[in-house]
Amino acid sequence: VLTHTLCASFGSSCLVAHRDDSQTHDSVLFGLHKTIPGTLRKAFHLTAMASLSLSTHSQATAFWRPWRRHGLFERISYQFNHAGRLKASYRGLEALYDDGYQKVKDLDYYYRAIGELVEHDSGPPRWFCPVDAHSPIEDAPVMLYLPGVDGMGMGLFMHHQALGRIFELRCMHVPFHDRTPFEELLTMVEDVVTKEHASSPNKPIYLLGNSFGGCLALAVAARNPHIDLILVLVNPATSFENSDIQQLLSFVSLFSDQASMAITALLNYNIDNEVEMAVGSMINGKHPLAALNRLTCNMSSFLKHSNILDKIPKDTLQWKMKLIKRAASYANYRLQSVQAEVLLLVSCADRLLPSKAEANRLQKLLPQCKVYFFERHGHSLLLEYGVHVSSIIKCTDLYRHSRRYHRVFDFIPPSATELKEVDKASCDLRFRTCPVMYSTMENGTVVRGLAGVPQDGPVLLVGNHMLLGIELISLVAEFLRHKGVVVRGIAHPLLFPNKMRAWSQGHDFFDFLNLWGGVPLKYKYIYELLAAGEFVLLYPGGHREALHCKGEAHRLFWPAQTEFVRMAAQFNATIVPFGVVGEDDLLEILCTFDDIRNAPFGKEMIQAYSDHLKLREVDHEVFFPGLYLKMPGRFYYRFGKPIPTRGRQDVLTDKQAANDLYLHVKSEVESIISYLLEKRVEDKYRSLIPRMMYQAARGPNCEVPSFDP
């Protein structure tokens, strides 16, 4: 009866029952200050992983010892398909999963939910789990949403599905009628945090604090430095004393409390950003009337539901301002005690708080603080479109399941929205290069598409880099789009900087590398990825090929080491050699390595630059070449006949056998490059103009023909 009554009072806004994995009972969270511990965690005891180690592995250690990690086999999640092959499993989450960002509800839904809460709400503060958050993945960490000073807890509604898939999401709710002091709210959050920590001491707990909730999260972290907390703070109200809110309130105090709250609510939202998002949606193909309808609906939604203010107690505004002032003072006094990792999401167009200046101050005071700036967004950042909190958490390396972040075990596959963001960022490159892919079937037949590439892992893709690695984005995107497979790229550690500040004008290349599962070049990562049945992308030529000199296009610069074929053999991985050509149809190098080296002080400058980047080789100093764009041609990819390593125990025990396999893979890549250079001459759509004419007649998304393989 209690559950039914609470569900009725909240309508479709939220779920009031928190389900325990034991399925023996449902624990109602509303009205409980002391919440039960988190759900029971499933242990991963993968004893079958031992079968991956070949029986001759101990003999192979005479000349090669693979990297080992304690507990590796227990931490890797994978599954076998019907044929006994491995298939990577990301804690039950599929690639291109629906994160909800492409069909989020508008502000009219938000204000209707708030209206239901205000009309039927009563009782003490409590927690709720949103209905539209769906079920989280296996072993998901807990995230507690701490709302702004309104206390409703619905400010995260645009992110319920995205965050609810990768976190066990709980939202705090403080009724408008409630007058619980800040210290008691702090104790309420602390009780949940300590219980979760006692239940899973090695798992992080996330606190997502919005404005006032940011102060609350900082206070909890300051009082519990021994607990592994990760704070995501959205325009934290620690700058309240330096804001213009108090002067604003002294002016609007001439009006009623309802009018004062209405003015403050309107200042929360950035109308300029709404207009920009509407224009952007039209550019991306949305019908102008649909974009205009959404814009006008969002802009008028608050006025449409302004009757909410009549149901709020008269002293609410004064109480909320007193509460936020106390929270800011309490948090600021204890900032030096905060040891948690902190991610600040900051609106540069915030008209209520000086959030940008406050972010600079907090970053200097907090030892582990990263800042993500949003140029054109207002104070209510979580209610504005184009803000993907789950993606930001992932690309800043803050999503983890244990005390330390691990690029293999903590990886979450890209969502449908993240693929769309990649397509948006790389649309110009795709338009210029129109990549076409071929693959080779087991009988040697070359076909267009990726049908010849195995569907299940482990698979090791080995090929050549083009200049600046420009082929990488199209390759990874096509595998994800057409095969539903995440290709885990091995890259130089330079491409994984610990960025402390970032801006919201779309993700950059480094963000995409994190979102798409790239890992630094370490043998332990290749070992772990193959053990998990992943698709691993390896460029043996590395940065030497990606930053080659003039006249070196489409040449291989592979080292003599053969470790990757031994790793592939140990895990029965399939090696797929591939080649790609086309950089000479897009880019031209202005100056060669020799040109720079022969200039006055050129050799010293190149050496110093290479040393700074830690990219120096014995016989080749590295530099980023000067380039100019040519009339675009086309990129051609071909994936060769798969090379199985199952049963190749000789590769582990015999150095000559390993070298022979290595040279075979290399010769296959060279043969594929020669094939593509020869066959692309037959492509009448190699140049940009014929492709544009073809697409103009048949639509911009049609597949442009290429040469007959």
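**Exercise 1. Decide whether Arg-91 is buried or exposed in this predicted model, then describe its backbone and its place in the chain.**

Step 1. Start with the accessible area: Arg-91 has a relative accessible area of 11%.
Step 2. Compare that with the cut-off: buried means under 20% relative accessible area. Arg-91 is therefore buried.
Step 3. Now turn to the backbone. Phi of Arg-91 is near 55°, a positive value in a residue other than glycine.
Step 4. Find the residue in the chain: Arg-91 sits in the loop that runs between β4 (86-88) and α4 (107-120).

**Exercise 2. Find the phi value of Asp-139 and say which loop holds this residue.**

Step 1. Asp-139 is not a glycine, and its phi is positive, near 60°.
Step 2. Look along the chain: the loop between β5 (126-128) and β6 (142-146) holds Asp-139.

**Exercise 3. Work out which residues the cis peptide bond joins and where Pro-458 is found.**

Step 1. Check omega: it is about 0° for the bond between Gly-457 and Pro-458, a cis peptide bond.
Step 2. Place the proline: Pro-458 belongs to the loop between β13 (446-448) and β14 (459-463).

**Exercise 4. Name the residues of the nonpolar surface patch and the helix that gives the most to it.**

Step 1. List the members: Phe-431, Ile-689, Met-692 and Met-693 make a patch of about 410 Å².
Step 2. Look for the main contributor: helix α26 (residues 688-698) gives the most, with three residues.
Step 3. Pick one residue to inspect: Met-693 lies in helix α26. Its relative accessible area is 59%, so Met-693 counts as exposed, the cut-off being over 50%.

Methods:
Residues numbered from 1 in each chain as written. Predicted model: local features only at pLDDT ≥ 70, side-chain atom pairs only at ≥ 80, totals over all residues. Heavy atoms only, no water. Helix = DSSP H or I, 4+ residues; strand = E, 2+ residues; numbered from the N terminus. Buried < 20%, exposed > 50% of the residue type's maximum accessible area, 1.4 Å probe, protein only. Patch = residues over 30% accessible without salt bridge, like charges linked within 9 Å, V, L, I, M, F, W, Y side chains within 5 Å. Areas by Shrake-Rupley, 256 points an atom, 1.4 Å probe, with all protein chains shown as cover. Salt bridge = Lys/Arg side-chain N within 4 Å of Asp/Glu carboxyl O.
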